[in-house]
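Here is a short tour of a two-chain model, written for someone who likes to look at side chains. Keep the viewer open and follow along.

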Amino acid sequence: MLWLLIAVPAIAALLAFALPWNWPRRALLVASAGLHAGLSAAALASPPQPLLNGWIALDAASLLFLAITSTVFLVTSFYAVGYLAREGRRDPEPSEDIPFVNFPEAVFTGCLLLFLAAMTLVVVSHHWGLMWVAVEGTTLASAPLIYFHRYPKSLEATWKYLVICSVGIALALLGNFFLAVAAKGAHLPLHLAIADLERHAGALDPLWLQAAFLLLLVGYGTKMGLAPLHTWLPDAHSEAPSIVSALLSGVLLNCAFLAILRGHSLLVKAGLGKFSQDLLVLFGLVSMVVAAVFIIRQADYKRLLAYSSIEHMGILALGVGIGGVAGFGSMLHAVNHSFTKAMLFLAAGNTLAFFHTKSTAEARGTLRVLPVTGVLWIAGLLAITGSPPFGTFLSEFTVLKGIVDGGHVLTGVCYLAALGAVFVGMSAVVLPIVYGTPAAEQSAVTASQGPATEAWWSVAPPLVLGTGVLLLGLYLPAGLSDLLKQAAIAVGAQ
Amino acid sequence: MSNWLDAVLVLLMLTSLWLLGSSRLQACIRAVALQGALLGLIPLLSKWPDISLRLGAVAVVSMVIKAVVLPALLRRAVREVNVRNEVEPLVGFTTSLLLGIALWGIATHIAGRLPVDVPGLSPLLVPVAIFTVLCGFLLIVSRNTAVMQVIGYLGLENGIYVFGWAFAIEEPLLVEMGVLLDVFVAVFVMGITIHHLSREFDSIETDELASLKD
């Protein structure tokens, strides 16, 4: 059962590499995403037995992040089919306005599925070494995805992504070894199994443990996009195809976050919770402030969304660092952010396909030329800035409540100031995209032919995600609430 | 065997300095291959003579990958692209060497502060591991060509491995193989990217990669 979760996308990936026909391959993508989602749902209903001495297991945190991964991937896979069909119809020869040839579709689909397999392995692994292998695997599987449009800028982004993330994750490997030394100092015959280490947390050497957490935080924090280690993130997110950006932001960053949470949980159990909490709060606040600075007057709407992801990763880290009810808020926010950001990136993809520019100055008036995408933008703006009635309001408010309950006045002030700055900054950039006056030529086309028809595949997936965030704001099912609570407890954030 | 182990560690340290001071790509690839070979000797020497089959196998596989396969991949990347030696690094070679000596000071300082409670462990091990990691870092941030950055990444990875071997961390075989596979694929993917870089930009100097910024 657990094997299948990883095996289904992995085998489908191999098939995708081998299949010479486009349409069966696209069907395969959706089918395996659907199967993966079905398996995840089954796992949620009745958690399966652990495998490999408990190295692969599902606790509440794994289940939560698995559910996010599976849902977002399934929804975006429908978008991917339409996207690939449209890209496939392009002139295969490089021409004046399309000076590049896309990456082969087989490689793209295969890497997409490998990416899913690697992310699944990250969330289910309960062994530090195995988790490291999986996280590095996500980097390697997603690098070719960023380079789908083979133009120089995406190449530059791919190179930065590869080098910065690989180096970051190498530090996390050193962190793993430090963990092992902490265990050795306690004369425990331990492997790096998470459950074993947590059971004997009290006997671990505190100094090595703190050093290990620092390395893990820096290493996986690079991947998660915590400032100041975030430098790869805006480049990769802005140059990758929008569907890949949606997956990077909506799913991959969460996986790295989970890896950090495992470290935090170990420190809490070892009685060093204060150390990791302070670090998480610090990194969280710095990320929020840095993101706010770059969001204001941002001239590229995909970079805008990327910086917004950095801000939200900051909120996640901050919530866990504060603990208590904020830990619960952080878990809820992970769900909300994934859905909202994936939806926004897909809307950005529609906008980019129509306007052929990522410049916020030139892509204006989507509401008039692309009505549904315009609505998606405005709903996404409200959701991502944490306005009621969206779920993000609830989760950001819960984090704030945790801060106030804990009496962290200064942190609360910084948190609110950053949120306020982001709200103003994002509105100033996004509102013209929605309500502005389209450039003359687009206006003329719209005036004569009416608004462009938007294919169902390009608007239905983001609409589904947006509806999800809206519903989460109106009603939090008891089952989900329980899962979030248990997840927060499992990672030591409660 | 501790004398031999110390000799290997000193050699490792020297190869790191060699990497810092050399401008020739071929020489650097040779240095990093030598590092990979020395790395494979560490577990064998520190456990000698009771070497389990598993330990021997991991040591041999790691030696083959780090000393033969990865350098071969790098050489191929260098051959295929219009490659130049590192002419104008951000930090000059003499300065790099001086910085290297400073890094050695930092490494011994850090190692001195971390308590090591393992009998029979060479006192050189932890400082050499940290030093190798720091040198890898310095190479990545101070060199302009993509190939040198990959060499720096390998140096960093080697330093981490010294650490892992030092404590003979009993990672399961599966994980060790996974780590090696990841490193292999990473260098492979980086090699392909270098190939594309050279075609797009007509050079592999990463300071030309500066169009994405805020």
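## Around Met313(A)

Leaving aside neighbours within four places in sequence, Met313(A) is in contact with Met224(A), Leu226(A), Leu253(A), Asn254(A) and His337(A). Please keep in mind that this is a predicted model. Met313(A) belongs to helix H12 of chain A, and its relative accessible area of 0% makes it a buried residue. If you would like a distance to check in your viewer, try the C-alpha atoms of Met313(A) and Phe257(A): they are 8.1 Å apart, although 56 residues separate the two along the chain.

## Ser245(A), a buried serine

Next, turn to helix H10 of chain A, which covers residues 242–269 and holds Ser245(A). Is Ser245(A) buried or exposed? With a relative accessible area of 0%, which is under the 20% cut-off, Ser245(A) is buried.

What does the side chain of Ser245(A) meet in a polar contact? The partner is the side chain of Lys302(A), at 3.5 Å. Lys302(A) also appears among the residues that Ser245(A) touches beyond four places in sequence, together with His237(A), Ala240(A), Gly250(A) and Phe345(A).

## Salt bridges

Over all chains, the model has eleven salt bridges. Three of them, all with a lysine from chain A, are easy to find. In one, the side chains of Lys160(A) and Glu156(A) meet at 3.4 Å, N to O. Both of these residues sit in helix H6 of chain A, four residues apart, or about one turn of the helix. Glu156(A) is buried, at 0% relative accessibility.

A second salt bridge pairs Lys269(A) with Glu198(A) at 3.3 Å, N to O. Here Lys269(A) comes from helix H10 of chain A and Glu198(A) from helix H7 (residues 194–199), so this pair ties together parts that are 71 residues apart in sequence. Lys269(A) is partly exposed, with a relative accessible area of 44%, whereas Glu198(A) is buried at 18%.

The third joins Lys401(A) and Asp405(A) at 3.1 Å, N to O. The two residues share helix H16 of chain A (residues 391–405) and lie four residues apart, about one turn of the helix. Lys401(A) is partly exposed at 44% relative accessible area, while Asp405(A) counts as exposed at 54%. Elsewhere, salt bridges with shared partners link Glu156(A), Lys160(A), Asp235(A) and Arg303(A) into one network.

## Where the two chains meet

How many residues does each chain bring to the contact? Chain A brings 47 residues and chain B brings 45 residues. The area buried between them is about 4,200 Å², and carbon and sulfur atoms give 75% of it. Glu156(A), Trp159(A) and Phe177(A) supply 18% of the area that chain A buries against chain B, more than any other three residues. Glu156(A) is thus a residue to look at twice, as it also takes part in the salt bridge with Lys160(A).

Between chain A and chain B there are zero salt bridges, and one residue pair is in polar contact with both members at pLDDT 80 or more. On chain A, the elements that give two or more residues to the side touching chain B are helices H5 (128–146), H6 (152–185), H8 (206–224), H9 (232–239) and H12 (301–322). Helix H6(A) gives the most, with 21 residues. Sorted by class, this side of chain A has 29 nonpolar, eight polar and ten charged residues.

## A look at chain B

Chain B has seven helices and zero strands. Of its 214 residues, 55% are buried. Among the contacts in chain B with a separation of 6 or more, 76% are between residues 24 or more positions apart. Chain B exposes about 9,000 Å², and carbon and sulfur atoms supply 66% of that.

For a single residue to visit here, choose Met148(B) in helix H6 of chain B, residues 146–166. Met148(B) counts as buried, at 0% relative accessibility. The C-alpha atoms of Met148(B) and Ser52(B) are separated by 36 Å, with their positions 96 residues apart along the chain.

Definitions and conventions: Residues numbered from 1 in each chain as written. Chains lettered and ligands numbered in written order. Predicted model: local features only at pLDDT ≥ 70, side-chain atom pairs only at ≥ 80, totals over all residues. Heavy atoms only, no water. Contact = heavy atoms within 4.5 Å. Buried area = accessible area lost by both parts, 1.4 Å probe. Salt bridge = Lys/Arg side-chain N within 4 Å of Asp/Glu carboxyl O. Polar contact = N/O pair within 3.5 Å; in protein donor to acceptor, adjacent residues only side chain to side chain. Nonpolar A, V, L, I, M, F, W, Y, C, P; charged D, E, K, R; others polar. Buried < 20%, exposed > 50% of the residue type's maximum accessible area, 1.4 Å probe, protein only. Areas by Shrake-Rupley, 256 points an atom, 1.4 Å probe, with all protein chains shown as cover.
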